[in-house]
Amino acid sequence: MQNELHGGTRLKSTSWIIDARWYYAPLAFFLGIIAREDGDQMRSLVILGGSLFFVLLCNIFFSIYIRKTEKEFPSDKSVGTINILQIALDLLFFFTVMMFTGGGVSSVGHSFFFIPIVVSMIVFGFRGAIIVAIVSGVAVLVSAFIHLGIFTDLISGANPFIISPRFSNTLLQSGVIFILYLLTGFFGGYISRLMRARDVLLHEQIASEEVHVVRLEELTKAFDQSAKLLVRRDLELTSANDKLIQLDKMKSEIISVVAHQLRTPLSAIKWSLKIILDKDAGELTPQQEELLKKSFTSNERMITLINDMLAVDKLESGKLKYDFVVVQFEDIVQDMIRSLLTLATKKNIRVEFSSPRELLPKIKVDVDKLRDVLQNLIDNAIKYTNPGGTVSVGATKENDEIHFWVKDDGIGIPADEQEKIFGRFFRASNASRFASDGSGLGLFITQSIVKRHGGKLWFESKIGSGSVFHVTLPLS
Amino acid sequence: MIAASIGVGKGKDSHTAGAEACTQAISGLPKGKDADALIVFGSTTFDQDALVAGVTSVAPNAILIGCSTAGEISSEGFSTYNTVVVMAICSDQARFWGAIGNHILWNARLAGEECANTLTYNSNGYISSCLTFLDVLSGSGDETIRGMTNKLGDTFPVTGGASGDEMLFFETYQYLQNKVYRGSIVGMGLSGDYHTASVAMHGFLPIGISRVATRSEGTTLFELDGKPASSIYEEYFGEDHVHELHDGLLPALAVAYPLGVFTDDNNDVVLRNPIFVDQKGAMTFASGIPEKSEIRLMISDIDRGLETAERAAREVLKKLQGRTPKAIIVVNSAARKKMFGLRADEEIEIIQRIIGRDVPIAGYYSYAQVGGQSGERVQIHNGSLLLWAIAE
């Protein structure tokens with residue numbers, strides 16, 4: 001148990017006892033002076049004073065030693081030695097006080113022996129307390145016998161005192177004091193044992209908590225390290241993002257400038273070709289007419305592309321104004337199908353509109369922008385469907401939304417390209433082969449408009465089987 | 001009746017861009033109605049005087065207030081660059097008027113008080129809320145706003161933000177009527193029969209270990225844990241960015257990672273972005289950081305940012321108690337702009353989805369946001385999305 005006591009606590013207890021001695025030693029001295037025996041007063045004063053001086057000198061030594069060694073974590077053995085010396089010093093001092101204050105049981109000095117018993121209980125525990133209690137009891141008995149002259153009688157061979165009533169009384173009183181010492185040592189030792197057990201438990205808990213604290217500190221450090229890595233990674237991504245924004249801005253500016261610069265000459269070419277094709281500038285041979293018609297169609301495609309590019313620029317720069325009005329959705333769809341019917345008929349494609357059984361609730365939309373959405377989706381379906389195919393268009397009310405879809409049995413979109421389909425200037429590889437015209441901007445514009453209406457645009461597609469494009473628009 | 005409309009101007013000619021934006025905004029107002037108030041947010045890439053002159057040339061009689069930005073926001077084109085966004089408001093039941101407080105550099109509190117005094121003086125005895133835009137680069141934003149609330153009251157609904165300069169942190173501009181000011185605070189008072197609601201929210205979370213502000217004076221934080229304040233950014237950003245930190249680019253770099261200030265007397269974390277860093281590592285903020293407060297680096301992501309936008313929009317509607325908003329002003333944080341990058345439009349889309357697609361929105365990315373806090377006392381903060389709505 002002794003070894004289990006935490007070194008720091010032992011040192012603290014030793015220190016505390018040294019400090020306490022500054023008070024109880026002079027107190028014992030003064031009580032000794034007051035209660036000293038009649039007789040040679042000077043002699044007892046000198047011996048008691050000398051004893052106190054010696055005790056205080058020793059205490060200075062203990063104090064210096066402890067202060068000096070506490071920083072160097074002294075061993076249990078050296079602290080134990082100091083404690084033995086301290087208790088021995090106390091026992092000796094109190095024995096001296098007892099000797100000069102009447103000796104044995106009639107002296108007030110025997111009550112001081114409770115101090116070393118308590119001290120040993122604190123620093124040595126149960127066993128130490130019992131040993132010091134026995135030593136104290138013996139000291140009281142010896143002091144009493146000396147005072148009664150028993151030892152002198154024994155040495156001189158005089159009539160033994162043993163059988164006298166005074167001897168038996170002294171023995172009895174000493175015995176009672178001895179038992180009191182033992183009881184103090186026993187109960188004190190018991191309490192000390194309990195306290196030590198609790199102390200050990202507490203220290204075990206502290207040690208275990210310390211392990212946790214160390215682990216927690218390590219984890220916090222690791223967490224901070226991870227946080228730093230995370231921030232650095234995030235910073236890299238933010239920088240990359242900034243660069244992308246710059247590139248995007250540059251691209252938009254270039255597109256805007258190029259589109260504006262190209263539109264005027266392209267329009268001039270268009271009208272020149274038209275004048276020639278209308279034979280306003282003279283007759284044409286059939287071969288010339290065919291070549292010029294091809295040129296006219298190609299020029300038209302380029303103008304469409306430029307217009308799409310400008311639409312995107314308008315969309316992104318905030319120049320596109322939206323004007324929301326309440327309309328009947330099916331009417332716009334039917335109008336749009338009607339306007340695209342010529343194109344479908346030309347390709348021998350059937351366009352079906354499955355109108356809802358009940359009238360759809362009115363919806364607040366920008367009519368012109370929504371027309372662009374419908375035109376893009378239905379036009380794409382017709383464009384990428386083989387002659388003889390069917391394009392189905394439908395609309396219905398679902399919860400608080402209008403769901404509109406365009407289904408075709410055309411070429412479909414390759415699975416690995418489906419993610420990019422709403423990006424700017426993107427055309428699926430099979431779409432480019434199937435129809436050479438198309439800017440790759442239609443679906444981007446469509447998605448932007450649908451988003452601006454608070455709706456969603458998505459599709460399902462299988463290569464070779466066709467695609468279904470869905471649009472939902474919120475009613476509220 | 002309260003009606004509002006938005007116009008966006010862009011191009012190389014500042015006067016034309018301003019005039020175009022204002023014309024567009026006014027054309028969206030009900031027929032025959034002139035603008036009573038114009039709220040203007042312009043890029044610093046424009047000649048500021050020419051820009052404001054362009055706007056006022058179209059509506060010379062309207063009250064004009066606004067500021068330069070670190071990016072503009074509008075419901076027509078969402079987040080845009082190098083543009084001017086004009087919101088025109090007309091109403092026969094609300095009154096608008098403007099005021100200014102100058103010289104924030106000399107005495108920030110006095111500038112705030114001057115603006116509030118003029119607002120009160122011109123109010124004809126009744127003022128119920130105000131919008132304000134101020135410079136935080138030349139002086140303490142906290143002090144300027146305190147100056148305002150000293151005169152108007154601690155709980156007076158002051159909403160607005162700090163002007164920006166495209167993340168250069170050099171010089172910002174404030175607009176009032178046909179003039180452009182520097183180092184000033186401008187305010188627009190409102191009175192009459194109307195309702196406003198303002199909400200500010202941020203979606204940032206603390207990251208890494210906490211540090212303690214060991215030395216702080218005014219709006220300058222000198223030390224964290226006994227080390228130069230900028231060490232927090234140096235440690236997190238790493239060796240690769242140390243030169244940028246020391247070249248005075250820290251504010252632009254750190255804007256996406258505000259510092260979270262946790263104090264004992266406030267349960268909610270307040271965000272702070274540095275606007276200036278000196279060679280010794282002391283950082284200056286728009287608002288002071290108290291000593292002994294716990295400081296942590298804050299981080300967020302796009303999903304959380306979008307979630308914040310949704311919550312803020314819903315909270316605005318809740319505060320309006322069923323009234324339909326007629327116009328929304330967004331004072332967004334430059335931190336969020338940096339975080340969202342190319343996806344900046346998405347948060348405006350979310351706000352529109354919740355508030356209504358036909359409600360005009362004008363706004364800008366700012367260096368600090370004023371008001372909209374959860375408590376009653378007007379606060380200046382960073383990293384937040386601030387929505388201000390007006391309804392009948």
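1. Helix H8 (residues 329-346) and helix H9 (residues 367-383), both of chain A, pack with their axes 10 Å apart and at an angle of about 40°. That angle makes H8(A) oblique to H9(A), since an angle counts as oblique when it falls outside the roughly parallel, roughly antiparallel and roughly perpendicular ranges. The crossing in which H8(A) passes H9(A) is right-handed. As a caution for this point and those that follow, the model is a predicted one.

2. On the H8(A) side, the contact with H9(A) is made by A:Phe329, A:Ile332, A:Val333, A:Asp335, A:Met336, A:Ile337, A:Leu340, A:Leu343 and A:Ala344. H9(A) contributes A:Val367, A:Leu370, A:Arg371, A:Leu374, A:Gln375, A:Ile378, A:Asp379 and A:Ile382. By class, the residues of this contact comprise 13 nonpolar, one polar and three charged.

3. A:Asn348 sits in the loop between H8 and strand S2 (350-354) of chain A. Its phi is positive, about 60°, although the residue is not a glycine. A:Asn348 counts as exposed because its relative accessibility is 53%, and the cut-off for exposed is over 50%.

4. A comparable backbone value is worth checking in chain B. B:His103, which is not glycine either, has a positive phi near 60°. Its place is the loop between strand S7 (94-101) and helix H3 (108-121) of chain B. With a relative accessible area of 44%, B:His103 is partly exposed.

5. Strand S7 of chain B is largely enclosed by the rest of the structure, because seven of its eight residues are buried. S7(B) runs antiparallel to strand S12 (residues 185-192) of chain B, and eight bridges join the two. Within S7(B), B:Trp97 stands opposite B:Gly189 of S12(B).

6. Chain B also holds an open sheet of six strands with mixed pairing, in the order S1-S6-S2-S3-S10-S11. At its edges are strand S1 (2-10) and strand S11 (179-182), each of which pairs on one side only. Direction ignored, neighbouring strands of this sheet are turned by 15° against each other on average.

7. At the S11 end of that order, strand S10 (residues 173-176) of chain B pairs with S11(B) in the antiparallel sense, over four bridges. B:Gln174 stands opposite B:Tyr181 of S11(B).

8. At the other end of the order, helix H1 (residues 14-27) of chain B lies across S1, strand S2 (37-42) and strand S6 (83-91) of chain B. The helix runs at about 150° to S1(B).

9. B:Arg146 deserves a separate look. The residue lies in helix H4 (residues 141-152) of chain B. At 11% relative accessibility it counts as buried, because the cut-off for buried is under 20%. Leaving aside neighbours within four places in sequence, B:Arg146 is in contact with B:Arg109, B:Arg377 and B:Val378.

10. Some totals for chain B complete the note. The chain has nine helices and 26 strands. Of its 392 residues, 64% are buried. Among contacts in chain B between residues at least 6 apart in sequence, 80% join residues at least 24 apart.

Terms used:
Residues are numbered from 1 along each chain as its sequence is written. Chains are lettered from A and ligands numbered from 1 in the order in which they are written. This is a predicted model: local features need pLDDT of at least 70, side-chain atom pairs count only at pLDDT 80 or more; totals for chains, interfaces and linings use all residues. Side-chain values use heavy atoms; hydrogens and water are left out. Two strands pair if DSSP finds at least two bridges between them. Axes are lines fitted to C-alpha atoms, for helices over the stretch in contact, and angles run from 0 to 180 degrees between N-to-C directions. Contact means heavy atoms within 4.5 Å. Angles under 35 degrees count as roughly parallel, over 145 as roughly antiparallel, 65 to 115 as roughly perpendicular and the rest as oblique. A crossing is left-handed if the near helix is turned anticlockwise from the far one by less than a right angle, and right-handed if clockwise. Ala, Val, Leu, Ile, Met, Phe, Trp, Tyr, Cys and Pro count as nonpolar, Asp, Glu, Lys and Arg as charged, and the others, Gly among them, as polar. Buried means under 20% relative accessible area, exposed over 50%, partly exposed in between (1.4 Å probe, protein chains only).
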